[in-house]
Amino acid sequence: MAIATLLLLVLSSIDSPVSAQNRVAADPAIPETRAGTAIPNVATLSLRDEQGESTLRSNTVTLLVAERLDVALERRDTAPILVVPGGTAVPLTLANRGNGREAFSLSSALSDASAKVRLIAIDRDGDGRFDAAIDTILSDARTPLLEPGEVLPLLVLVDPAAANVTAVSLTVVARASTGDGLTGTMFATRGDGGADAVTGKTNAIAEVVVPVGTGADAAPSLLKSQSVRAPDGSSTPVAGAVVTYRLEARFPGPAPQVRVDDPIPQGTAYVPGSLTLDAVRLSDGADDDAGSADANAVAVTLGDIAGATIRTIQFQVIIQ
């Protein structure tokens, strides 16, 4: 009986709080136990006396796995952005690197007041541009709960707030909603399932600094994107699917005699009447408007660009 009592005392000591540092995964290559998981443990004692062999079980001790709070925030590009009238979308990706479900609070700021952040949204279709009909605005700058390892594409939409944008940087910060702080900072019972939460290696905070071009250090650019709509409503690029091409021409300042040309890709056919400039339809013929299109190519004359602006061209083809 003395041995059994000693065993119970040893196991009872295991039920004491585990240090915060020990709850942080030591090796990220090892699959991590989900936060809030209960790990029970029971020991057995066996003995043999004159009556034969007998066993007894200890009491059960249970460990509730703590939630590790970690986050990553990244930008896909490193080039300076150009803040233009109509807004400039800055694509970012936020990843929940912790082992529990967690929401993240976002904040953003420009280096001066010549530009401002209009909104932060979830980039639902991942195309890197804001579409109010598709993307979800985070009204309180807080993400929904993300599963461990889940990655969320985001857009930060920046507007000019002065005639000349002089800001040189945009800073975006993501913090775990449960809390942040130096590695090992504890938030008792605030983790999944009532477990403790503790900050991991990232301190549960991540920051991205985006350089802002002022025009002098930024050059015109042309960004092309595509979307597919198949006859069955899917996005599978099969015969008969309609491909919508979008060309976004960005100008940091004045530019003379601008023209955009785009050949119709091999294996596709131009959809007559689908050419638009800044959402205004253009005729296909070489006439008085800015555009023309035929079986071989589309062309749009933008002429002289007076200042910082973005012009958007769109047309469709059918996969044959």
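A residue counts as buried when its relative accessible area is under 20%, as exposed when that area is over 50%, and as partly exposed in between. This scale is applied below to a predicted model, beginning with the chain as a whole and then turning to individual pairs of charged side chains.

The chain has 320 residues, of which 40% count as buried. Its secondary structure is made up of 25 strands and two helices. Among the contacts in the chain with a separation of 6 or more, 71% are accounted for by residues that stand 24 or more positions apart. The accessible surface of the chain amounts to about 16,800 Å², and carbon and sulfur atoms contribute 54% of that surface.

Salt bridges, counted where a side-chain nitrogen of Lys or Arg lies within 4 Å of a carboxyl oxygen of Asp or Glu, number 13 in the model. One of them is formed by Glu32 and Arg68, whose closest N and O atoms are 2.5 Å apart. Because Glu32 belongs to the loop between helix 2 (20-23) and strand 1 (38-41), while Arg68 belongs to strand 5 (residues 67-69), this pair ties together parts of the chain that are 36 residues apart in sequence. The two partners can also be placed on the scale of accessibility: Glu32 has a relative accessible area of 32% and is therefore partly exposed, whereas Arg68, with a relative accessibility of 12%, is buried.

A further salt bridge joins Asp278 to Arg311, with a distance of 2.6 Å from N to O. Here too the pair links distant parts of the chain, since Asp278 is found in the loop between strand 21 (276-277) and strand 22 (280-281) and Arg311 is found in strand 25 (residues 309-319), with the two positions 33 residues apart in sequence. Asp278 counts as partly exposed because its relative accessibility is 33%, and Arg311, with a relative accessible area of 21%, is likewise partly exposed, as this value lies between the limits of 20% and 50%. Salt bridges that share partners also join Glu32, Arg68 and Asp70 into one network.

The salt bridge between Arg48 and Glu53 has its closest N and O atoms 3.0 Å apart. Both of these residues, Arg48 and Glu53, are exposed.

Note on methods
Residues numbered from 1 in each chain as written. Predicted model: local features only at pLDDT ≥ 70, side-chain atom pairs only at ≥ 80, totals over all residues. Heavy atoms only, no water. Helix = DSSP H or I, 4+ residues; strand = E, 2+ residues; numbered from the N terminus. Buried < 20%, exposed > 50% of the residue type's maximum accessible area, 1.4 Å probe, protein only. Contact = heavy atoms within 4.5 Å. Areas by Shrake-Rupley, 256 points an atom, 1.4 Å probe, with all protein chains shown as cover.
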